[in-house]
Amino acid sequence: MAGIAVGLGSNIMATSALPLEILRNGLTPCYFLSLHCRECGDIRTAIPEVPSDRFHSCPRCHQACEYTLLGEGGTQRELPFWNRIQDSFTMANMIEMHWRVQVARRQA
Ligand SMILES: [Zn+2]
């Protein structure tokens, strides 16, 4: 990847620049979901694309679950991955470790 010219100023953090920032840091763009599975409880997952459906299958038991789109960001991990909220590894850790997450606009 060719170097990108610097000197654009500090306004590079604008929303529209986020995907570029992610790619520049070698991260894979992803979406973070909060799943509410009846079997497994609350699960956070990161997937490459926003589900087109109201439901997303649980990464653990594969039941269709309702989900909340938490935001988009980037990760160094291979997608998809997931964590149960009960695990010591929290969503806040995940965001700090991998990338900041934009708050998703609420879907109608
Ligand atoms: Zn489940």
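Leu-69 lies in strand β4, and this residue offers a convenient point of entry into the structure, which is a predicted model. Is Leu-69 buried, partly exposed or exposed? A residue counts as buried if 20 or more other C-beta atoms lie within 10 Å of its own, and as exposed if 12 or fewer do. Leu-69 has 17 such atoms within 10 Å, and it is therefore partly exposed. Its relation to Leu-33 shows how sequence and space may be compared: the two residues are 36 residues apart in sequence, while their C-alpha atoms are 4.6 Å apart in space.

Leu-33 leads to the interior of the model, for it belongs to the largest nonpolar core. This core has eleven residues in all, including Phe-32, Leu-35, Ile-43, Cys-58 and Tyr-67. Which elements give two or more residues to this core? They are β1 (28–37), β2 (41–47) and β4 (64–75). The largest share, six residues, comes from β1.

It remains to consider the confidence of the prediction. The mean pLDDT of the protein is 74, and 63% of its residues reach 70 or more. Confidence is highest in strand β3 (residues 55–57), at a mean of 93, and lowest in strand β6 (residues 102–103), at 48. Over residues 1–14 the pLDDT is below 50, and the model gives this stretch two contacts beyond near neighbours in sequence. Residues 100–108 also stay under 50 in pLDDT, and for them the model has 19 contacts beyond four places in sequence.

Terms used: Residues numbered from 1 in each chain as written. Predicted model: local features only at pLDDT ≥ 70, side-chain atom pairs only at ≥ 80, totals over all residues. Core = buried A, V, L, I, M, F, W, Y, C linked by C-beta atoms within 7 Å. Helix = DSSP H or I, 4+ residues; strand = E, 2+ residues; numbered from the N terminus. pLDDT = per-residue confidence, 0-100. Contact = placed C-beta atoms within 7 Å.
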